[in-house]
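I sat down with this chain and a short list of things to look up. Here are my notes, in the order I took them.

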Amino acid sequence: MKSSKVARRIAVVAAALAATAGLAFASGEVSGITADQALQKLMDGNTRYVESKMSATALCDATARGKLAKSQHPYAIILSCSDSRVPPEIIFDQSLGEVFVVRVAGNVADPLVLGSVEYAAEHLGSPLIMVLGHERCGAVTATVAGGKPEGNIGAIVKEIAPAAKKAKATCKGKAKEEIVECAVEINAKAVAAELPKKSKILAKEMKEGKIKIVAAKYDLDDGKVTLLK
């Protein structure tokens with residue numbers, strides 16, 4: 001009797017997991033677009049933002065909210081800094097349900113951040129991951145300046161430290177502000193490169209051609225996003 005109850009419970013759990021797994025279609029089958037199309041869509045949105053021709057807010061109404069109440073299929077994952085001046089949904093002119101955003105100071109990728117990125121890539125089928133740094137990043141500036149950070153900020157500084165060290169060597173002799181910008185770019189590119197190295201799930205998705213990972217930088221002055229190579 002007990003064994004049959006256990007079997008039924010296992011069957012229920014298995015069915016629930018199968019339903020969840022059903023969301024993890026091949027890249028593009030859920031979001032409906034490829035990684036390159038997703039990237040173009042983001043950059044087109046940023047152009048509208050820079051030119052003050054934004055249109056996404058008009059789509060954030062009750063109708064849109066209702067359609068998304070029971071499911072989501074974002075076409076891009078954006079790992080960005082927590083800076084209040086860099087909200088991805090706004091700078092890329094995106095509406096509800098279009099981008100899966102993970103924000104943390106310095107746009108670093110610890111296990112918690114990786115878990116969020118993995119979820120969106122594997123279970124929501126988002127084909128594009130963008131690591132977005134930004135001009136005059138406070139976390140990067142503090143790391144370049146050195147010193148002993150207070151509280152848990154030290155964990156963030158530790159993640160950025162390799163990029164700061166490389167920037168000081170690469171941009172040696174330049175002004176502090178230039179070294180910071182160099183570090184911002186190095187950090188964003190390093191985080192993007194490390195994602196599949198730190199995550200077996202992302203490595204598998206990337207090997208199978210299901211995801212594309214890019215790094216970019218946001219300019220606080222003109223609002224433009226530039227892809228980093």
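**Entry 1: the pocket**

I began with the largest pocket and asked which helix gives the most to its lining. That is α8, with seven residues. Before going on I noted that this is a predicted model, in which local features need pLDDT of at least 70 and side-chain atom pairs count only at pLDDT 80 or more, while totals for chains, interfaces and linings use all residues. I also noted that residues are numbered from 1 along each chain as its sequence is written, and that side-chain values use heavy atoms, with hydrogens and water left out.

My rule for a pocket: on a 1 Å grid over the protein atoms alone, it is an open set of points where a 1.4 Å probe fits, with protein on both sides within 12 Å along at least five of seven lines; lining residues have an atom within 4 Å of a point. Helices (H or I, at least four residues) and strands (E, at least two) are DSSP runs, numbered from the N terminus.

The volume of the largest pocket comes to about 220 Å³, taken as the space filled by probe spheres set on the points, with grid points joined across faces, edges and corners. I found 13 residues in the lining, and E159, N187, A190, V191 and E194 lie nearest the centre. Both α7 (153-170) and α8 (176-198) supply at least two lining residues each.

By class I wrote down eight nonpolar, one polar and four charged residues for this lining. Here Ala, Val, Leu, Ile, Met, Phe, Trp, Tyr, Cys and Pro count as nonpolar, Asp, Glu, Lys and Arg as charged, and the others, Gly among them, as polar.

**Entry 2: the layout**

I stepped back to the chain and found nine helices and five strands. Read from the N terminus on, the order is α-α-α-β-α-β-α-β-α-α-α-α-β-β. Of the 229 residues, 41% count as buried; buried means under 20% relative accessible area, exposed over 50%, and partly exposed in between (1.4 Å probe, protein chains only). I also looked at contacts (heavy atoms within 4.5 Å). Among those between residues at least 6 apart in sequence, 73% join residues at least 24 apart.

**Entry 3: the cores**

Next I looked for nonpolar cores, meaning sets of buried Ala, Val, Leu, Ile, Met, Phe, Trp, Tyr and Cys residues joined through side-chain atoms within 4.5 Å. The largest one has 40 residues, and L79, I129, V140, L195 and L202 have the most contacts inside it. Elements giving two or more residues to this core include β1 (76-80), β3 (128-134), α6 (138-145) and β4 (212-218). Again α8 gives the most, here with 10 residues.

I followed L195 outwards: leaving aside neighbours within four places in sequence, L195 is in contact with A109, L114, I129, V131, L202 and I213.

**Entry 4: the salt bridges**

I counted 13 salt bridges, each a side-chain nitrogen of Lys or Arg within 4 Å of a carboxyl oxygen of Asp or Glu. How far apart along the chain are K212 and D36? They are 176 residues apart, with K212 in strand β4 and D36 in helix α2 (residues 35-50). Their side chains meet at 2.6 Å, N to O. K212 is partly exposed at 31%, and D36 is partly exposed at 48%.

K197 and E194 are a local pair, both in helix α8 and three residues apart, about one turn of the helix. Their closest N and O atoms are 3.9 Å apart. K197 is exposed at 64%, while E194 is partly exposed at 32%. E194 is also one of the residues nearest the pocket centre.

I added a network linking E135, R136 and D221.

**Entry 5: backbone oddities**

Most residues other than glycine have a negative phi, and most peptide bonds are trans. I therefore noted two exceptions on phi: D93, near 50 degrees, and N107, about 40 degrees, as most residues other than glycine have a negative phi. D93 sits in the loop between α4 (88-91) and β2, and N107 in the loop between β2 and α5. Are they buried or exposed? D93 is buried at 2%, and N107 is buried at 2%.
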